[in-house]
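This report describes the principal pocket and selected salt bridges of one protein model. Please consult the sequence and structure shown below while reading.

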Amino acid sequence: MPIHHMLYRCPRCGHDPLDGHMRRARCSSCGTSFEQGRGSLIIVRPPDGPPEPATASSLLADVEKMGGPGIKKGPGKDRSDESLFRESKILFGRAEGHDIHRWRGEVLGFSERISWKGEGLLRLEGEALSFRPVTGSEAFSCLLGDIRGIQISWRALQVTLDETRLSQFELLEDSPKCWEDLLCLALRRFYARSGQ
């Protein structure tokens, strides 16, 4: 996963998003840059100071301290009134069957066969997740209570609504890790409110 997808918010100042490509990322707000080191180490380069090695887990904890994913606060609202919101450009697809991967006659695994439906905007607002198409004709919407599973697959977020319906949202300009964290947070809040 590229650093700017993993660190979707600057762990130093909280700016969202970071600019980057694969092994490097930079915050356009504070000027700190992040570069892949050895193993799980990331070299943090402040704009005025020596480089500092940091673990990926410590930087992810700092991202969480900066507010995590997509939290918006209106004027006069306290932390309990925060609502979750995010909108991103995506390619939308649905799983329609799967492919079997074999090597020397042995089954190695399976992958979804995605049928692409179009481009548009993915939006999480309150307790609803929706896709509005710009191209193509198929839309998508669900309530948080309908979601049975979420996972990242390369640059995409996959959402399962029941045993047979998997939708894939390939993010064109945003972090799949941010969206996964955002939906996990939204689901935790949803189930806490419903007492489940």
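What volume does the largest pocket have? The largest pocket has a volume of about 190 Å³. A pocket is defined on a 1 Å grid over the protein atoms alone, as an open set of points where a 1.4 Å probe fits, with protein on both sides within 12 Å along at least five of seven lines; lining residues have an atom within 4 Å of a point. Grid points are joined across faces, edges and corners, and the volume is the space filled by probe spheres set on the points.

The model is predicted: local features need pLDDT of at least 70 and side-chain atom pairs count only at pLDDT 80 or more, while totals for chains, interfaces and linings use all residues. Residues are numbered from 1 along each chain as its sequence is written, and side-chain values use heavy atoms, with hydrogens and water left out.

**Pocket lining**

The lining of the largest pocket consists of M1, P2, H4, H5, G20, H21, M22, W154, R155 and P176. Two or more of these residues come from each of α1 (3-6) and β1 (19-21); helices (H or I, at least four residues) and strands (E, at least two) are DSSP runs, numbered from the N terminus. By class, the lining holds 5 nonpolar, 4 polar and 1 charged residues. Here Ala, Val, Leu, Ile, Met, Phe, Trp, Tyr, Cys and Pro count as nonpolar, Asp, Glu, Lys and Arg as charged, and the others, Gly among them, as polar.

**Salt bridges**

Side chains of opposite charge can pair when their charged atoms come close. A salt bridge is a side-chain nitrogen of Lys or Arg within 4 Å of a carboxyl oxygen of Asp or Glu, and the count by this rule is 20. Three of them are tabulated.

| Pair | Closest N to O distance |
|---|---|
| E87 and R123 | 3.0 Å |
| D99 and R113 | 3.0 Å |
| R193 and E127 | 2.6 Å |

E87 in strand β7 (residues 83-103) and R123 in strand β8 (residues 106-125) lie 36 residues apart. Relative accessible area is 31% for E87 and 23% for R123, and both count as partly exposed (buried is under 20%, exposed over 50%, partly exposed in between; 1.4 Å probe, protein chains only).

D99 in strand β7 and R113 in strand β8 are 14 residues apart. D99 is partly exposed at 30%, and R113 is partly exposed at 41%.

R193 belongs to helix α3 (residues 176-193), whereas E127 lies in the loop between β8 and β9 (128-133), 66 residues apart. R193 is exposed at 53%, but E127 is partly exposed at 34%. Elsewhere, R9, D16, R86 and D174 are joined into one network by salt bridges that share partners.
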